[in-house]
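Here is a short tour to read alongside the model, with the main points grouped by topic. Keep the structure open and follow along at your own pace.

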Amino acid sequence: MGAGLQDSNISAALLRAMAAGAEVRGTTSPNPPVGAVIVSPAGEIVGVGATQPVGGAHAEVMALREAGDKARGATAVVTLEPCAHTGRTGPCAQALIDAGVARVYYLHADPTPQAAGGAEVLARAGVDVAKLEKPPHAEDALVPWLFAVRTQRPHVTLKFAQTLDGFTAAADGTSQWITGEAARDWVHADRAHRDAIVVGTGTALADNPSLTARLSDGSLRAHQPRRVVIGKRDLESAGDAASHLRELGYEQYDSIEEALYELYATGARDVLVEGGAGLASSFLKADLVDAISAYIAPLLLGEGRGVLAHPVTQTLAEATRFRRVGMKALGDDVLIEYVR
């Protein structure tokens, strides 16, 4: 590792950088939620930074500001290859060079042609540069952004809450509350890290959701996602139905394809689809679900409404397989997370 730094120093710094990036997820789009850490030659973390909202400083600059003169001869650990271009801010690779950083380790190569090449710029300036491997089980806030840049559409997570026997509502239509308070608090924290929450017009009219990210006391969190409704039904003339959305402001699109195109074009990279069953079926049928957040409640109904309203495949062989990447106990409920 050089300069007396051990693998454990770099690993600890990478985990801290990833945590810093996760903290700002949802606030930086269309820029990536990057985290950066400056480590002194003695192995001490002297600066931590994360990407600021659009127009603000990038993670490396924030970390260098905190480190000050201690950055000279230090090691920078960053979740994304430092950028090499001048946009709203200057190139981070040059900022690291100017600060006298001796080594740079990064987790992901930058996939954008205009920003890539930072590692080469650093190396030409005499900075030691190396790419790191992702630590197992660590939350990687850059995954949705990297996917969106590669596919030119937002990363889509389908979220639902269901009973043990697979129902999202009772036979009489009641669904509040399937999950307990801990799970609901987690949902709101998750919403605050998304660019947009998406529902169908049926859900908007039936449930009159606010689609806000709230704290346990009911107050709004600092960051609020965009509220998006998909479908052609008129919300404006629906009386009390969808009054929350009309009051708070929402975007409506006729189709999933139109919504994803416009959301990406206007900066959204990470969206959460929350309902209802018809919209969930349509996203799956179109092969546009990249991750699933399934909240499982310890209830049995025997009858009720399912997660999906329509078949999305006729055989097991054609069904989309997902891979489990996380499980979390939330009171008596369990959140299971899957990816494609």
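In this predicted model, five strands form an open sheet with mixed pairing, in the order E2-E1-E3-E4-E5. Strand E2 (45-50) and strand E5 (128-131) are the edge strands, and each has a single partner, so one side of each is left without a neighbour in the sheet. On average, neighbouring strands of this sheet are turned by 15° against each other, direction ignored.

**Pairing within the five-stranded sheet**

- E1 and E3 run antiparallel and are joined by four bridges. One pair to look for is Ile-38, whose bridge partner in E3 is Ala-76.
- E3 and E4 run parallel, with five bridges between them. Here Val-78 has Tyr-106 in E4 as its bridge partner.
- Strand E4 (residues 103-108) is also parallel to E5, and four bridges join the two. Arg-103 stands opposite Asp-128 in E5.

**What covers the sheet**

- Helix H2 (residues 59-67) packs on the sheet, where it touches strand E1 (35-39), E2 and strand E3 (75-80). The direction of H2 makes about 145° with that of E2.
- How much of E3 is buried? The strand is mostly covered, with six of its six residues buried.

**Helix H6 and its buried face**

- Helix H6 spans residues 181-191, and its buried residues are Ala-183, Val-187, His-188, Asp-190 and Arg-191.
- Why do these buried residues line one face of the helix? Seen down the axis of H6, they fall within an arc of 160°, so a single face holds them.
- The buried residues of H6 pack against six strands that you can pick out in turn: strand E6 (155-163), strand E8 (196-200), strand E11 (270-275), strand E12 (291-297), strand E14 (323-330) and strand E15 (333-339).

**Annotated positions**

- According to the unreviewed UniProt entry, the annotation "binding site" covers Ser-175, Arg-191, Thr-203, Leu-211, Arg-214 and Glu-274.
- Arg-191 lies in H6. With a relative accessible area of 10%, Arg-191 is under the 20% cut-off and therefore counts as buried.
- Leaving out residues up to four places away in sequence, Arg-191 touches Ile-197, Leu-211, Thr-212, Ala-213, Arg-214, Pro-225, Leu-272 and Glu-274. Leu-211, Arg-214 and Glu-274 from this list are also covered by the "binding site" annotation.
- Thr-203 is found in helix H7. Its relative accessibility is 16%, so Thr-203 counts as buried too.
- Beyond its neighbours within four places in sequence, Thr-203 is in contact with Asn-208, Pro-209, Gly-275 and Gly-276.

**Ala-213, a buried loop residue**

- Ala-213 sits in the loop between helix H7 (201-207) and strand E9 (226-230). Is Ala-213 buried or exposed? At 0% relative accessibility, Ala-213 counts as buried.
- His-188 and Ala-213 are 25 residues apart in sequence, but their C-alpha atoms are 4.7 Å apart in space.
- The contacts of Ala-213, not counting residues up to four places away in sequence, are His-188, Arg-191, Ala-192, Ser-219, Leu-220, Arg-221, His-223, Gln-224 and Pro-225. Both His-188 and Arg-191 belong to the buried set of H6.

**Nonpolar cores**

- The largest nonpolar core has 26 residues, of which Leu-158, Ile-230 and Phe-283 touch the most other members.
- Which elements each supply at least two residues of this core? They are E6, E8, E9, helix H9 (256-265), E11, helix H10 (277-285) and E12.
- Ile-230 is a good residue to centre the view on. Apart from residues up to four places away in sequence, Ile-230 touches Val-198, Val-199, Gly-200, Thr-201, Tyr-253, Asp-254, Ser-255, Ile-256, Ala-259, Leu-279 and Phe-283.
- A second, separate core contains 23 residues, including Val-34, Ala-67, Ala-76 and Val-127. Ala-76 is the residue in E3 that serves as the bridge partner of Ile-38.

Key:
Residues numbered from 1 in each chain as written. Predicted model: local features only at pLDDT ≥ 70, side-chain atom pairs only at ≥ 80, totals over all residues. Heavy atoms only, no water. Pairing = 2+ DSSP bridges. Axes fitted to C-alpha atoms, helices over the stretch in contact; angles between N-to-C directions. Contact = heavy atoms within 4.5 Å. Buried < 20%, exposed > 50% of the residue type's maximum accessible area, 1.4 Å probe, protein only. Arc of directions from axis to C-beta. UniProt positions renumbered as here; feature names shortened; annotations may be inferred. Core = buried A, V, L, I, M, F, W, Y, C linked by side-chain atoms within 4.5 Å.
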